[in-house]
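Hi everyone, thanks for coming. Today I'd like to walk you through a structure that may be new to most of you, so please have a look at it with me.

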Amino acid sequence: MRLAARPVGLPQENVWQRTEEAVPEPAEGQFLVKVLYLSLDPAMRGWMNDGKSYVPPVGIGEVMRAGAVGRVVASKHPKFAVGEHVVSTFGVQEYALSDGRAVTKVDPKLAPLPVWLGTLGMPGMTAYFGLLEVGEAKTGDTVVVSGAAGAVGGVVGQIAKIKGCRVVGIAGGADKCRYVVEDLGFDACIDYKGEDVKKSLKQHCPKGIDVYFDNVGGDILDAALTQITRGARIVICGAISQYNNTTPVKGPSNYMSLLVNRASMKGMVVFDYADRYAIAGREMAGWLAAGKLKTREDIVEGGVQVFPDTLLRLFRGDNTGKLVLKIAEA
């Protein structure tokens with residue numbers, strides 16, 4: 001699946017070009033991966049834009065960038081053998097050639113392959129470093145997480161609970177809020193579709209918000225800023241409410257609360273912590289094995305052909321947990 005045009009608003013069918021090409025043979029120092037599962041992430045929308053960002057935009061005519069997990073099916077690389085499973089940014093395609101750079105081997109016996117795209121993949125790493133490094137969450141803090149039923153937000157809240165925090169989620173709909181509280185163990189969850197978020201934050205965070213982990217931006221960020229404590233930390237991870245705007249992005253009107261409360265607001269990009277992924281992964285795998293951390297994957301079948309519509313599920317809020325597209329049988 002190649003990017004054919006820059007989207008305006010939601011990425012519709014006309015921004016994609018479906019192509020069929022011969023499966024390539026690896027040259028010396030390369031190996032061929034059969035893609036099995038594809039990661040769908042809100043960040044993909046930003047990668048389509050032609051502008052300055054933390055990574056170069058996907059070029060027109062290029063295979064759409066995406067994280068994926070697959071199996072090595074041919075190899076002329078000394079460190080990657082046929083039959084091994086690997087994860088990397090292989091793109092929206094059925095087969096990918098690699099020289100091994102930025103590729104990690106994974107063991108499906110330790111966790112199912114889709115988990116390596118979620119809790120043990122980029123979303124999990126984002127949650128871990130965003131909460132603990134940027135948010136500096138500590139025992140006794142009140143942590144509020146938007147997008148709490150999503151791939152990142154659900155892990156943020158669970159790690160916060162492991163670290164001894166009080167955790168309040170914000171999600172869309174009663175079913176998602178029920179999942180966040182009953183399955184993931186949050187102390188409370190606010191339904192932004194059916195509640196006054198500002199009023200509910202006052203109710204569930206009577207001592208204020210020490211750490212706000214923001215995945216959505218917009219009005220919810222504004223509401224959270226009115227409730228922060230002195231020295232609070234706001235982690236800007238994403239702003240899914242703004243990604244498909246055709247008008248200027250809405251910034252926080254309550255930003256003066258940062259001054260009054262001597263608080264900080266800091267953006268984070270998970271790639272900055274790549275040299276420490278293995279450390280975080282080992283700790284999180286331990287939590288999974290101990291039952292302290294739960295994972296949920298929302299797996300869609302249909303292969304590359306259904307990618308365009310499956311991506312839109314992220315922006316409709318249709319998924320609960322990590323959205324994954326199944327490309328081929330494992």
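Let me start with a small puzzle: is Gly164 buried, partly exposed or exposed? Before I answer, please keep in mind that this is a predicted model. Now, Gly164 has a relative accessibility of 35%, so it counts as partly exposed. You'll find Gly164 in the loop between helix H3 and strand E9. Gly164 also has a partner to look at, Gly140: the two are 24 residues apart in sequence, and their C-alpha atoms are 6.0 Å apart in space.

Let's move to the inside. The largest nonpolar core has 48 residues. Within this core, the residues with the most contacts are Leu131, Val143 and Met284. Which elements give two or more residues to it? There is a list here, so bear with me: strand E3 (31–39), helix H2 (122–134), strand E8 (142–146), helix H3, strand E9 (166–171), helix H4 (174–183), strand E11 (209–214) and helix H8 (277–289). Helix H2 gives the most to this core, with 6 residues. And the core draws on two domains, with at least three residues from each of domain 1 (2–118 + 296–326) and domain 2 (122–271). As background for newcomers, nonpolar side chains in soluble globular proteins tend to be buried together.

Next, the empty spaces. How many cavities of 30 Å³ or more does the structure hold? The count is 1. About 100 Å³ of space lies in the largest cavity. Its lining has 16 residues, and those closest to the centre of the cavity are Thr119, Gly150, Ala151, Val155 and Arg296. Helix H3 (residues 151–162) gives the most to this lining, with 4 residues. By class, the lining of the largest cavity splits into 5 nonpolar, 7 polar and 4 charged residues. Here too the two domains take part: domain 1 (2–118 + 296–326) and domain 2 (122–271) each supply at least three residues of the cavity lining.

From a cavity we go to a pocket. The second largest pocket holds about 790 Å³ of space. Its lining is made of 29 residues, and Val87, Thr104, Gly121, Met122 and Tyr277 lie nearest the centre of the pocket. Where does this pocket lie? Domain 1 (2–118 + 296–326) and domain 2 (122–271) both give residues to the lining, so the second largest pocket lies between them. Looking at elements, strand E5 (85–88), strand E7 (104–106), helix H2 and helix H8 each supply at least two residues of that lining. Helix H8 has the largest share, with 5 residues. In terms of residue class, the pocket lining has 18 nonpolar, 7 polar and 4 charged residues.

A word on the cysteines. How many disulfides are there? The count comes to 0 disulfides. Take Cys189, which is in no disulfide: the nearest cysteine sulfur, that of Cys177, is 3.2 Å away. Since a disulfide needs the two sulfur atoms within 2.5 Å, that pair does not count as one. With a relative accessible area of 12%, Cys189 is buried. Cys237 is in no disulfide either, and the nearest cysteine sulfur, belonging to Cys165, is 17 Å away. Cys237 has 23% relative accessibility, so it counts as partly exposed.

Let me finish with some loops. Ala102 has a positive phi of about 60°, although it is not a glycine. Ala102 sits in the loop between strand E6 (95–98) and strand E7. Is Ala102 buried or exposed? Ala102 is exposed, with a relative accessible area of 71%. Arg262 is another residue other than glycine with a positive phi, near 50°. You can find Arg262 in the loop between helix H7 (256–260) and strand E13 (264–267). Arg262 is exposed as well, at a relative accessible area of 54%.

And one more loop residue, Lys52, lies between helix H1 (43–47) and strand E4 (68–75). Lys52 has a relative accessible area of 89%, so it is exposed. If you look for Lys326 in the picture, its C-alpha is 31 Å from that of Lys52, and the two are 274 residues apart in sequence.

That's my tour. Thank you all for listening!

Key
Residues numbered from 1 in each chain as written. Predicted model: local features only at pLDDT ≥ 70, side-chain atom pairs only at ≥ 80, totals over all residues. Heavy atoms only, no water. Buried < 20%, exposed > 50% of the residue type's maximum accessible area, 1.4 Å probe, protein only. 1 Å grid on protein atoms, 1.4 Å probe; cavity = no way out; pocket = protein on both sides within 12 Å on 5 of 7 lines; lining within 4 Å. Points joined across faces, edges and corners; volume = space filled by probe spheres on them. Nonpolar A, V, L, I, M, F, W, Y, C, P; charged D, E, K, R; others polar. Domains from an automatic or database assignment. Core = buried A, V, L, I, M, F, W, Y, C linked by side-chain atoms within 4.5 Å.
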